Amino acid sequence: MKLAAALLLVATPLQALDVPSGQQVDLQEVLIDQMGNETWLRFRFIAPDIARDGGAITYDAAAPDMKALCDTLAIPYIAQYALTGDVIVISLADRAVEFGAVDPSVTQFFEAYRPEKGICIWEAL
C-alpha cells in the first residue's frame with residue numbers, strides 16, 4: 001500500500017530541492033526495480049541545463065547536484081514512505097524520456113549510492 005502511494009505521489013513533476021550548481025531540477029518519477037537480489041530505487045529528474053545543445057551544466061558540475069538530491073530528497077522520501085532499497089540511483093535527463101527508452105539525442109547523467117545511516121555513499125558501478 002505504501003509503495004503504491006509513493007509511486008502515485010510522483011505522477012506529476014514536482015519541484016526538487018535546490019542543488020549546488022543552481023540549475024533547475026524537477027522530479028520526474030520514482031521507480032522501484034528488483035536487480036538480482038537487490039532493490040534499486042530510481043529517482044529520475046529533469047534537468048534542462050545539461051542539454052548538449054545550449055546547456056551550461058557539465059557532468060562535473062552536476063555530480064554534486066546528484067549527491068545533494070540523494071541526501072536531501074531521496075533519503076527523506078524513502079523514510080516518509082517506508083521504502084527499503086539497497087541502491088539509490090539518481091538520474092538527470094535534459095528532457096523527459098520513458099524509462100528504458102533509447103534516445104541518443106537525450107543527455108542523461110547517472111550516479112548510484114548506497115543508503116547508510118541516513119546519507120548516500122557513492123557506488124562505483
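## Fold, core and disulfide of a predicted chain

From the N terminus on, the elements of the protein chain run α-β-β-β-α-β-β-β. That gives 2 helices and 6 strands. Helices (H or I, at least four residues) and strands (E, at least two) are DSSP runs, numbered from the N terminus.

This is a predicted model, in which local features need pLDDT of at least 70 and side-chain atom pairs count only at pLDDT 80 or more, while totals for chains, interfaces and linings use all residues. Residues are numbered from 1 along each chain as its sequence is written, and side-chain values use heavy atoms, with hydrogens and water left out.

**Overall figures**

The protein chain has 125 residues, and 43% of them are buried. Buried means under 20% relative accessible area, exposed over 50%, partly exposed in between (1.4 Å probe, protein chains only). The chain exposes about 6,900 Å², and carbon and sulfur atoms supply 58% of that area. Accessible areas come from the Shrake-Rupley method with a 1.4 Å probe; for residues, only the protein chains shown count as cover. Contact means heavy atoms within 4.5 Å. Among contacts between residues at least 6 apart in sequence, 59% join residues at least 24 apart.

**The nonpolar core**

A nonpolar core is a set of buried Ala, Val, Leu, Ile, Met, Phe, Trp, Tyr and Cys residues joined through side-chain atoms within 4.5 Å. The largest one holds 27 residues; Val25, Phe43, Phe45, Leu69, Ile88, Ile90 and Leu92 touch the most other members. Two or more residues each come from β2 (26-35), β3 (38-46), α2 (59-80), β4 (87-93) and β5 (108-116). Helix α2 gives the largest share, 9 residues.

Take Leu92. Leaving aside neighbours within four places in sequence, its contacts include Val25, Phe45, Met66, Leu69 and Phe109. Gln23 is also on the contact list of Leu92.

**The disulfide**

A disulfide is a covalent bond between the sulfur atoms of two cysteines. Here the criterion is a pair of cysteine sulfur atoms within 2.5 Å. The count comes to 1 disulfide. Cys70 is joined to Cys120, with 2.0 Å from S to S. The pair links distant parts of the chain: Cys70 lies in helix α2 and Cys120 in strand β6 (residues 119-123), 50 residues apart. The angle about the S-S bond is -85°, and the link is left-handed. Both cysteines, Cys70 and Cys120, are buried.

**Three residues in their settings**

| Residue | Place | Relative accessible area |
|---|---|---|
| Ala74 | helix α2 | 0%, buried |
| Thr84 | loop between α2 and β4 | 65%, exposed |
| Gln23 | loop between β1 (14-15) and β2 | 6%, buried |

Beyond four places in sequence, Ala74 is in contact with Phe43, Leu69, Ile88 and Ile90. The C-alpha atoms of Ala74 and Cys120 are separated by 9.0 Å, with their positions 46 residues apart along the chain.

Which residues does Thr84 touch, not counting those up to four places away in sequence? They are Thr39 and Leu41. Thr84 and Leu41 are 43 residues apart in sequence, and their C-alpha atoms are 8.3 Å apart.

Gln23 counts as buried because its relative accessibility is 6%. Its side chain makes a polar contact with the side chain of Asp65 (2.7 Å). A polar contact is a pair of N or O atoms within 3.5 Å; within protein, one must be able to donate a hydrogen and the other to accept it, and residues adjacent in sequence count only if both atoms are side-chain atoms. Leaving aside neighbours within four places in sequence, Gln23 also contacts Ala47, Asp49, Ile50, Ile57, Ala62 and Leu92.
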